[in-house]
Amino acid sequence: MTDASLTYAHVPPVRFRPSAPEPLERDPGLLPMLFSPRMSRNVLTAIPREAFERSYRQVKVLNLTYHGINEPDAIKRVFLDNAQNYRRPGFVKRMLQPILGDSLLNTEGDAWRGQRRLMAGTFTPHAVDAVTPLFARLAERSCDRTPGDGGPVDMAAEATRTTLEVIDEALYSGQTGMPFQEVSSLVRDVMVGTGQLRLSLLLGLQGLDPGAAQRRARRAQRILAQRMGGFIRARAAMADAPDDFITRLYRTFASEHPHDEAIQLTLDNAMTFFVAGHETTANGLAWAVYLLASDDQAQTWAREESLAAWREGDPALVAERLPYLRMVWEETLRLYPPVHRIDREALGDDELCGQRIRKGDQVTIWPWVLHRHRTLWDEPDLFNPENFDPEAKLGRHRYQYIPFGAGPRICIGMGFAQTEALIILSRWLATFRFAPAPGRKVEPLADFTLRPQGGMPLLVERI
Ligand code: HEM
């Protein structure tokens, strides 16, 4: 960037096609999907072209009817207008129960409402502002430990480490005692085991599944729950516990439930926030830095802006000074939504996309597909931050872009994640230059979340 007065609007649009599996010409059907190692391991490789072109598709699996919807008005009906008719499906609850129990993410009705109200205070814009200096400190620490000698660095691992430190410090005062290396590999085992498409899951028998990945996931769940359980019990017994998220949760649960139940509910939520609060943001960061590494112009622009924002000093204001990087971040979550599918089950009859929905039917909404839909986006497979230029956003349906979900169950950590990501990304960009690692192909893999298969090796050079 030579002319500091240039704004991104004067730069010719950036266009490149980042890594994504080529859609299939025909629907593969359920059985080939279940028994193909490639497709069952990575469901993104099993999506037919028509999914990206049609607003509605129906699939029958055993005795269940799945309605795949890509029409923004219908999505709005499911998430907002008729949200009381839709809940998380039984199979998702069964899948998450062993690790997340009856936490905010895995509960419904009054129990969910009570928990959501209890936790909302931790995630208000004001509360997020208060943790911004922490984001800045941990972003700085990430830069200090990253070699930056021009050699390859796995930026997915670095993102995971940084976001794990953020969540540990922000919500648990850094006291979980969960060692990074071990925890991140345990969390990965859980994601792989729960993310695979298996007949056992459809039948509700995943607890008995003898597959190697499923056994590893169950073992990882046990170890994580044991470690976190130790931390929660110690916290509950402390007279002068820090006044943080987890202490406040425990005290409220303890005032409403018997001791063991309060411990269990606190543990369920501690696990939920520990996993949901870092894994998704880490994946978003890894994809964002990959996109920027592959596009010199976008990277240069984002770096200029980041350097200027940090020069001003106050970390609390940095995120406000990054309009271009924010567009890059939003475009990243369009192309690589960390939560690639969101499912619901109908509690009563309804109509969506002109189709009858019966009680017990499954409604499935895939941000991965919706965000690349041919009828909703121009050149949907290309990286184009200008999709999120404030003016371009005005002409768009709110429900065609849903990386954080929508309606009452929208991600509670959305504001936290957005500020955290902008602070970490801008700090990285102000410190390093990123380039693709030659000979290393990056591919998205849909486990429980969408992550880069085999990590995100990039060449990283300190500026
Ligand atoms: C880029 C980062 C993130 C993305 C893309 C993301 C995405 C999502 C999505 C799509 C949902 C809704 C799922 C549904 O409707 O079924 C959700 C819910 C949730 N997220 Fe996030 N999330 C992110 C970061 C975070 C963070 C940082 C936290 C906590 C600190 C968090 C905690 C939660 C929780 C607890 C729920 C359940 C909310 C409820 O059911 O009331 N997430 N997230």
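**A helix pair and a small sheet**

Helices α10 and α12 sit oblique to each other, because their angle falls outside the roughly parallel, antiparallel and perpendicular ranges. That angle is about 125 degrees. This is a predicted model, and the briefing covers this helix pair plus an open sheet of three strands.

**The α10–α12 pair**

- Helix α10 spans residues 212–237 and helix α12 spans residues 259–276, and their axes are 9 Å apart.
- The crossing of these two helices, α10 and α12, is right-handed.
- On the α10 side, the contact residues are Leu-224, Ala-225, Met-228, Gly-229, Ile-232, Arg-233 and Ala-236.
- They meet Ile-263, Thr-266, Leu-267, Ala-270, Met-271 and Phe-274 from α12.
- Sorted by class, the α10 contact with α12 comes out as ten nonpolar, two polar and one charged residues.

**The sheet**

- Its strand order is β4-β12-β9, and the pairing is antiparallel.
- The edges belong to β4 (149–154) and β9 (432–436); each has a single partner strand, so one side of each has no neighbour in the sheet.
- From one strand to the next, the twist averages 35 degrees.
- Five bridges join β9 to β12 (residues 457–462) in the antiparallel sense.
- Take Phe-432: its bridge partner in β12 is Arg-462.

**Helices on the sheet**

- Helix α7 (residues 155–172) packs on the sheet, where it touches β4 and β12.
- The direction of α7 makes about 70 degrees with that of β4.
- Helix α13 (residues 279–293) lies across β9 and β12, and runs at about 80 degrees to β9.

Note on methods
Residues are numbered from 1 along each chain as its sequence is written. This is a predicted model: local features need pLDDT of at least 70, side-chain atom pairs count only at pLDDT 80 or more; totals for chains, interfaces and linings use all residues. Axes are lines fitted to C-alpha atoms, for helices over the stretch in contact, and angles run from 0 to 180 degrees between N-to-C directions. Helices (H or I, at least four residues) and strands (E, at least two) are DSSP runs, numbered from the N terminus. Angles under 35 degrees count as roughly parallel, over 145 as roughly antiparallel, 65 to 115 as roughly perpendicular and the rest as oblique. A crossing is left-handed if the near helix is turned anticlockwise from the far one by less than a right angle, and right-handed if clockwise. Two residues are in contact if their C-beta atoms, placed from the backbone, lie within 7 Å. Ala, Val, Leu, Ile, Met, Phe, Trp, Tyr, Cys and Pro count as nonpolar, Asp, Glu, Lys and Arg as charged, and the others, Gly among them, as polar. Two strands pair if DSSP finds at least two bridges between them.
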